[in-house]
Amino acid sequence: MNTVLPSTDLPLQSSSLALESSPLVLPSELSLRLRSPLQIGDVVVRSRVLQSPLSGVTDKVFRRLVRRYAPQSMMYTEMVSAAELHHLQRLPILMDIDLDERPISIQLFDRRPDFLAAAARKAVDQGADTIDINMGCPVNKITKNGGGSSLLRDPDTAVRIVEAVCEAVDVPVTVKTRIGWSDEDINAVDFARRMESAGAQMLTLHGRTRAQGYTGSARWDWIARVKAALTIPVIANGDIFSVESALRCLIETQADGIMCSRGTLGYPFLVGEIDHFIKTGEIKPVPSVIERLTCAKEHLTMLWEYKGIRGIRQARKHMAWYAKDFPGAAELRDRLCRIDSVEAGCYLIDQAILRLS
Ligand SMILES: Cc1cc2nc3c(=O)[nH]c(=O)nc-3n(C[C@H](O)[C@H](O)[C@H](O)COP(=O)(O)O)c2cc1C
């Protein structure tokens, strides 16, 4: 049964979550703010919990699953190369969005303001409600060409990018970045201020440096500093793996919302769980193993229908993420990692469900 909590101060109490001894409380002022819609320029989003862009993950199929549990949340495409768009005759599948997928943001990366402006126009034609510029990707292939997190070291170019894209489109332009290039070079507050002055309508901050990659902890204290310095919405990102961590992050940072990332891998329920708690004070029952495996099977089938054999190859990693925390998970994971057809995957999952029923 769901726990219904008072509408102002929200203690988080659930036996299914690993909680500290005293229940967390979302202060009433913060709770009220988080229950109001998120305003990104003139776009109104009725949820403060966002699904992050995840390259190789957040395609149309994954977004559909997340949206089933979080129908009002903002979703992001995987990052799209503006340079590639410039050369391609047809739009890449990464930009494939359904007409009823709202709200949706298309994320772009590059270092050239004119390429990004042209790509943003195409993205708006595709139906993007906002354009997000990736200024946080740590991958060498991207940074060595001046894109992603390397823009943290070249704020003048980052400013020109935001100005050019704002000029090119009439939807809000947002930025997703990190707290700095390295421990010796944390420039989040100054950088964020410059993005706001250049016209960005929202900033999402991953609380790690580029040098950290995905290691260590996200430094939410830096997110708090940036939130205090800006007037546009600031979204906190990094290490949100549960309702409990979401609330701790919101309390520490006072951010305007949070973005879930790795916590959604093999678990498309997370955004909805946090959104539901913020709006109602209720803890949603955690999905059973059988529900998770049923979702995995659906994910696999949808990927097959959407992308054919390429979808099966992409599904392997998703299946491995779903297959955890139950007896026999390791063996199932091992076999799912090698499937070469939708039938083989569905058979393995059905057998596991039978064993666990
Ligand atoms: C597999 C994977 C793919 C990612 N792809 C993108 C991307 O396309 N664009 C982006 O801005 N961030 C991308 N990220 C970064 C995440 O959106 C997020 O900022 C980061 O994982 C920190 O959040 P977490 O600690 O909750 O995972 C990716 C991360 C992972 C693990």
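**Exercise 1. How many residues of domain 1 are in contact with domain 2, and how many of domain 2 are involved?**

Solution. In this predicted model, six residues of domain 1 are in contact with nine residues of domain 2. Next, sort the domain 1 side by class: four of its residues are nonpolar, one is polar and one is charged. To find the two parts along the chain, use the domain assignment, which gives domain 1 as 22-280 and domain 2 as 289-356. Finally, look at the spacing: the C-alpha centres of domain 1 and domain 2 lie 29 Å apart.

**Exercise 2. Where does the largest nonpolar core lie with respect to the two domains?**

Solution. Start with the core itself, which has 103 residues. Among those with the most contacts inside it are Leu-116, Ile-131, Ile-133 and Val-165. Both domain 1 (22-280) and domain 2 (289-356) give residues to this core, so it lies between them. Now zoom in on Val-165: beyond its neighbours within four places in sequence, Val-165 is in contact with Leu-116, Ala-117, Ala-120, Ile-131, Ile-133 and Val-173.

**Exercise 3. In which sense do strand 10 and strand 11 pair?**

Solution. Find strand 10 at residues 173-180 and strand 11 at residues 202-209. The two pair in the parallel sense, over six bridges. For one position to check, Val-175 stands opposite Leu-203 in strand 11. As for cover, eight of the eight residues of strand 11 are buried.

**Exercise 4. Which residues are closest to the ligand?**

Solution. Of the 23 residues that surround the ligand, the closest are Ser-52, Ser-55, Met-79, Ser-261 and Arg-262. By class, the shell holds eight nonpolar, 11 polar and four charged residues.

How values were computed
Residues numbered from 1 in each chain as written. Predicted model: local features only at pLDDT ≥ 70, side-chain atom pairs only at ≥ 80, totals over all residues. Core = buried A, V, L, I, M, F, W, Y, C linked by C-beta atoms within 7 Å. Buried ≥ 20, exposed ≤ 12 C-beta atoms within 10 Å, placed from the backbone. Domains from an automatic or database assignment. Contact = placed C-beta atoms within 7 Å. Near = placed C-beta within 6 Å. Nonpolar A, V, L, I, M, F, W, Y, C, P; charged D, E, K, R; others polar. Helix = DSSP H or I, 4+ residues; strand = E, 2+ residues; numbered from the N terminus. Pairing = 2+ DSSP bridges.
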